[in-house]
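Hi,

Here is the structure I said I would pass on. Have a look at it first, and then read my notes underneath.

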Amino acid sequence: LREFAVQLQKYAPEKFASQAVALAGRWLEPKRTLTELHSCCWSEIAFGVPVFDREERETALLGSLDMAELSALFEKFFLPGSSERACVVTAVAPQGGKKEDVASLKACLESSGLKVEVVGHENEFH
């Protein structure tokens, strides 16, 4: 993550702007099939927060973002040791897998300074 933060700081503002414009264009492409439209609208309804112009809103926010803000956000929320870091790592292991493998993965993640919680079933997340 630290290497990525350095790369992000060195990223050319012109290239960032070009990437943002390309992403905005992709977000604003019209839905071409009923399936695309259905999946977009239904997820809004299913999550109980129907905002049917989300793409337009997010594109407007994207247009106001600059490299310095993105870099500061990354450093604040993603870099290890930052004050407001929140990290969730989900690793799916096959049922009946070796407990030693799970313990090894947990130890590896904890050695990176992450808080690790092991659950036996996805229902335990809720």
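Below is what I found, going from the whole chain down to single residues. Please keep in mind that this is a predicted model.

**The chain as a whole**

The chain has 126 residues, and 14% of them count as buried. Its secondary structure comes to 6 helices and 0 strands, so if you read along the sequence you get α-α-α-α-α-α. Among the contacts with a separation of 6 or more, 55% are between residues 24 or more positions apart. The accessible surface comes to about 10300 Å², and carbon and sulfur atoms account for 59% of that surface.

**The nonpolar core**

Which residues form the largest nonpolar core? There are 6 of them: Ala5, Leu8, Phe16, Met67, Phe74 and Leu79. Two elements, α1 (2-10) and α5 (67-77), give two or more residues each to this core.

Leu8 is a handy place to start if you want to see the packing on screen. Setting aside neighbours within four places in sequence, Leu8 is in contact with Met67, Leu70, Ser71 and Phe74.

Now turn to α5 itself. Its buried residues are Met67, Ser71 and Phe74. Looking down the axis of α5, these buried residues fall within an arc of 60°, so they line one face of the helix. The cover over the buried residues of α5 includes α1 and α2.

**Salt bridges**

Side chains of opposite charge can pair when their charged atoms come close. The structure holds 4 salt bridges, and I'll go through some of them here.

The pair I would look at to begin with is Glu44 and Arg54, whose side chains meet in a salt bridge at 2.6 Å, N to O. This pair links distant parts of the chain, with Glu44 in helix α3 and Arg54 in helix α4, 10 residues apart. Is Glu44 buried or exposed? Glu44 is buried, because its relative accessible area is 8% and the cut-off for buried is under 20%. Its partner Arg54 counts as partly exposed, at 29% relative accessibility. For the wider surroundings, and again leaving out neighbours within four places in sequence, Glu44 is in contact with Val49, Pro50, Val51, Phe52 and Arg54. Helix α3, where Glu44 lies, covers residues 34-46.

Another salt bridge joins the side chains of Glu55 and Lys31, at 3.5 Å, N to O. Here too the pair links distant parts of the chain: Glu55 sits in helix α4 (residues 54-64), while Lys31 is in the loop between α2 (13-27) and α3, 24 residues apart. Glu55 is partly exposed, with a relative accessible area of 21%, and Lys31 is partly exposed as well, with a value of 34%.

The side chains of Asp53 and Arg57 also meet in a salt bridge, at 3.0 Å, N to O. Asp53 is partly exposed, with a relative accessible area of 32%.

**Two more residues to click on**

Cys40 lies in helix α3. At 18% relative accessibility, Cys40 counts as buried. Which residues does Cys40 touch, not counting those up to four places away in sequence? They are Lys31 and Glu55, and those two residues are the salt-bridge pair described above. You can also check Cys40 against Phe52: the two are 12 residues apart along the chain, and their C-alpha atoms are separated by 8.3 Å.

Thr59 is found in helix α4 and counts as buried, at 11% relative accessibility. What does the side chain of Thr59 reach at 2.6 Å? It is the backbone oxygen of Glu55. Leaving aside neighbours within four places in sequence, Thr59 is in contact with Ala24, Trp27 and Leu28.

Glu55 is therefore a useful residue to keep selected while you look around, being partly exposed at 21%. Its side chain meets Lys31 in a salt bridge, Cys40 touches Glu55, and the side chain of Thr59 reaches its backbone oxygen.

Shout if anything is unclear when you open the model.

Cheers

Definitions and conventions: Residues numbered from 1 in each chain as written. Predicted model: local features only at pLDDT ≥ 70, side-chain atom pairs only at ≥ 80, totals over all residues. Heavy atoms only, no water. Core = buried A, V, L, I, M, F, W, Y, C linked by side-chain atoms within 4.5 Å. Buried < 20%, exposed > 50% of the residue type's maximum accessible area, 1.4 Å probe, protein only. Helix = DSSP H or I, 4+ residues; strand = E, 2+ residues; numbered from the N terminus. Contact = heavy atoms within 4.5 Å. Areas by Shrake-Rupley, 256 points an atom, 1.4 Å probe, with all protein chains shown as cover. Arc of directions from axis to C-beta. Polar contact = N/O pair within 3.5 Å; in protein donor to acceptor, adjacent residues only side chain to side chain.
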